[in-house]
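Let's read a structure together, one feature at a time. Have a look at it first, and then we can talk.

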Amino acid sequence: MSAIRRIDGELWMEGVRLAEVAARFGTPCYVYSRAAIETAWRAFDDALAGTDHLVCYAVKANSNLAVLGLLARLGSGFDIVSGGELARVLAAGGRPDRIIFSGVGKSEEEMRAALSAGIRCFNVESEPELERLDAVARAMGVRAPVSLRVNPDVDARTHPYISTGLKGNKFGIAHHRALAAYELAARLPNLRVTGIDCHIGSQILDMAPLEEALERVLELAAAVAARGIPIAHVDVGGGLGIRYREEETALDIGRWCAAVVARLAGSPYSLVLEPGRAIVGNAGVLLSRVEYLKLDKDRRFAIVDASMSELIRPALYEAWHEIVPLAAPDRPEALYDVVGPVCESSDVLGTDRRLAIAPGDGIAILSAGAYGMVMSSNYNSRPRPAEVMVDGARAVQVRARETTGSLFAGESTLD
Ligand SMILES: *Cc1c(COP(=O)(O)O)cnc(C)c1O
């Protein structure tokens, strides 16, 4: 669903005018639609009705407590990658037995916290991690549930920075080592093998590589079972691409779920999914305001009050976000590079955008709900923006804008 509509020239999210949100909470400011988040999560859950499944939202896409709280109330599971995300999910009311823990570098402390909480499964990414987890579990007198993240060596055909399923990538256990790793896991007394998982990349718009990866994972699962190590669940990861620009087509959630269900029919496995972007990406916008129009001879710049510090995706992986004005006053239209105030040439939010804007006008950077606020930084000593959740006709601040003082509250000068 699109969270955004234009009515009489004004941009609305659900029953709230975004110009009003900008005026009330200031800019830059992230705004999320409750209805859009819930609709996207339900698209997965509904498509899998009748199949034993758990949708584990990938927390790293957007970890605001309000987002996690909404999903926890729907019964969602959570895919975490750090002790910090574990604490957030628990604080938001997420059930520990619906948490899976991914990531290549889990520390002993993170393992202890997750074992104490009683999470559902550790997605282990290397042999040394199996040994560490076994030792930590032994010291606590428990058995740790594990799945092995296998690297199916499939090209997700997405940007290299968000592709994770190829050989030579730091993620996962190489396909040819997976059987030996399962045998090691089965030998370690304080581990309990429960599943197999993969995740080949992000913003995948073509279903073929996902299907190819699923095939390879299922082959491996059968080979593991043939050695007497039972696999209870298959975790197909996340990675579903969303629509950032008109000419793109999102990977259809229902179609992907139907393909997985069809492929798993008659198998003994329950199903786990780890979507992140597909649940929150199109549900959020970043509001900003035009500070200056700088009209050079060669290029025309719209300098706005949001930057790569708040939204790094364009600078980091040449991501494209649609940029639109909040209202439609009568302005001359021109081509602009939309840039922020940060002292980097890569501080660009969009190039060659046709916009009718003037200084002081509000703009919205669309599809900023995933990998936006979570990747923000304080570079150039910029306080992180406020976050707002729209729920029908209400707009609720769900994270306060940082204060300048808080940026250096933990610092000191030498005596
Ligand atoms: C990032 C990540 C996801 C979510 O990816 P999306 O592209 O946001 O769906 C799922 N699983 C793992 C292991 C991840 O690292």
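**The ligand and its surroundings**

Q: Which ligand atom is 3.5 Å from an N or O atom in the side chain of H199?

A: A polar contact is a pair of N or O atoms within 3.5 Å. Here, a nitrogen atom of the ligand lies 3.5 Å from an N or O atom in the side chain of H199. Before going on, note that this is a predicted model, where local features need pLDDT of at least 70 and side-chain atom pairs count only at pLDDT 80 or more, while totals for chains, interfaces and linings use all residues. Residues are numbered from 1 along each chain as its sequence is written, and side-chain values use heavy atoms, with hydrogens and water left out.

Q: How far are the polar side-chain atoms of S202 and Y371 from an oxygen atom of the ligand?

A: For S202, an N or O atom of the side chain is 2.3 Å from a ligand oxygen. For Y371, the distance from a polar side-chain atom to an oxygen atom of the ligand is 2.6 Å. The ligand has 390 Å² of accessible area on its own (Shrake-Rupley method, 1.4 Å probe), and the protein covers 94% of that area.

Q: Which residues around the ligand come nearest?

A: A residue is near a molecule if one of its heavy atoms lies within 4 Å of it. Of the 14 residues around this ligand, K60, S202, E274, R277 and Y371 come nearest.

**Two helices and a peptide bond**

Q: How are α6 and α7 oriented to each other?

A: Two packed helices are described by the angle between their axes and the distance between the axes. Helix α6 (residues 127–140) packs with helix α7 (residues 178–187) at about 10°, their axes 10 Å apart. Angles under 35 degrees count as roughly parallel, so α6 and α7 are roughly parallel to each other.

Q: Where is P28, and which peptide bond leads to P28?

A: P28 sits in the loop between α1 (18–25) and β4 (29–33). The peptide bond from T27 to P28 is cis, with omega near -5°.

Methods. Polar contact = N/O pair within 3.5 Å; in protein donor to acceptor, adjacent residues only side chain to side chain. Axes fitted to C-alpha atoms, helices over the stretch in contact; angles between N-to-C directions. Helix = DSSP H or I, 4+ residues; strand = E, 2+ residues; numbered from the N terminus. Parallel < 35°, antiparallel > 145°, perpendicular 65-115°, else oblique.
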